[in-house]
Amino acid sequence: MLTISKELEQELQQKIQASGGVIEKSVLDALMVKFDIEIKLLLQNLLPIAASFSIAPISNFNVGAIAYSNTSGCAYIGSNLEFNHSALCLVVHAEQSAINTAWLNGETQISHIAITDAPCGHCRQFINEVKQSEQIEILLPNTNTSLTELLPHSFGPADLGNQTRLLDMSEEQNPDYKLPISQMLFEHYQASYAPYSGNKSAVEIRTVQHGNFYGRYAENVAYNPSLSPLQSALSQMALSGLTIDMVEVTEINLVETEQFKNQSGVSEVVLNSFEGNFEINKVYVS
Ligand code: THU
Ligand code: ZN
């Protein structure tokens, strides 16, 4: 392991918090020069910083993940997020969080994922939804491997006749929306990935001092590993060093598709796991 000074660690943590989990190519390039190290080893050495964003009151097991694109040269941080007094199936895994960060930040390719521990079956299945997942290299503490090796004979999007993948560019563009929601929320709604239920959906959390946080629905062919838009937004908050109960929230807006809506209940359950009264404004797109 590299010795990363406390100052550098804090500087990187601040950059990650300010960007919602992104480490820009220029920063990675400078670190590779500084430590005379190639990208894969650098990513692995940055994992403790990713894990420092973990919120794990149930397990106390802090997981960090970093998704990297060798096209854009950017890295995207992920950490696990547990909700006290809520069903364990609602926990966001670090790998989901890293992929979510990449996706929300407009990334269209993931070539590597570095993780502090071996990915669980649920995460292997989640990664399998990503565009060109068979080419993703998985960097683990003791070995580098591939998703194909970790998930042979897999069940994938094509098994349900779905030809699209997570991180594909969304084709639907409708600039003249007329909904009582922000343009930004509408864009996330459109970019959400719901090929199985059809329920495109997104969440906006507006705060007084920390700006707005967005999350998008990311479905999975095996259904259970799907990430709800609220989980997605709360994971982004965690990467800014925040939880929803420590900031002043002015509005939580959920937009989903009238015909297929399925996110209202799960969003309420997740929010109820926090102290405080959180109301969700629900907007349905017909
Ligand atoms: N965890 C991950 O974040 N990724 C994995 O693939 C393994 C498990 C998290 C989930 C939960 O917060 C804790 O580790 C214990 O399972
Ligand atoms: Zn997992």
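## Polar contacts of ligand 1

A polar contact is a pair of N or O atoms within 3.5 Å. In this predicted model, a polar side-chain atom of E82 lies 2.5 Å from an oxygen atom of ligand 1, so the pair meets that cut-off. Two backbone groups also face oxygen atoms of the ligand: a polar backbone atom of C120 is 2.8 Å from an oxygen atom of ligand 1, and for a polar backbone atom of A94 the distance is 2.9 Å.

The residues around ligand 1 include S59, F61, V63, N80 and V91. H93, E95, P119 and C123 also belong to these surroundings.

## Zinc site

The zinc ion (ligand 2) has as its protein donors ND1 of H93 and the SG atoms of C120 and C123, at 2.0 to 2.3 Å. The spacing of these donor residues in sequence is H-x26-C-x2-C. The site has four donor atoms, with angles of 99 to 121° among them, and is tetrahedral.

Two of the protein donors are the cysteines C120 and C123. C120 has a relative accessible area of 29% and is partly exposed, whereas C123, at 0%, is buried.

## E95

UniProt lists E95 under "active site" in an unreviewed entry. E95 is placed in helix α4, which covers residues 94-104. E95 counts as buried because its relative accessible area is 4%, under the 20% cut-off.

Beyond residues up to four places away in sequence, E95 touches A65, I115 and P119, as well as the zinc donors C120 and C123. E95 is also among the residues around ligand 1.

Conventions. Residues numbered from 1 in each chain as written. Chains lettered and ligands numbered in written order. Predicted model: local features only at pLDDT ≥ 70, side-chain atom pairs only at ≥ 80, totals over all residues. Heavy atoms only, no water. Donors = N, O, S within 2.8 Å, 3.2 Å for Na, K, Ca; no water. Tetrahedral: all angles 85-135°; square planar, octahedral: opposite > 155°, others 65-115°. Buried < 20%, exposed > 50% of the residue type's maximum accessible area, 1.4 Å probe, protein only. UniProt positions renumbered as here; feature names shortened; annotations may be inferred. Helix = DSSP H or I, 4+ residues; strand = E, 2+ residues; numbered from the N terminus. Contact = heavy atoms within 4.5 Å. Near = heavy atom within 4 Å. Polar contact = N/O pair within 3.5 Å; in protein donor to acceptor, adjacent residues only side chain to side chain.
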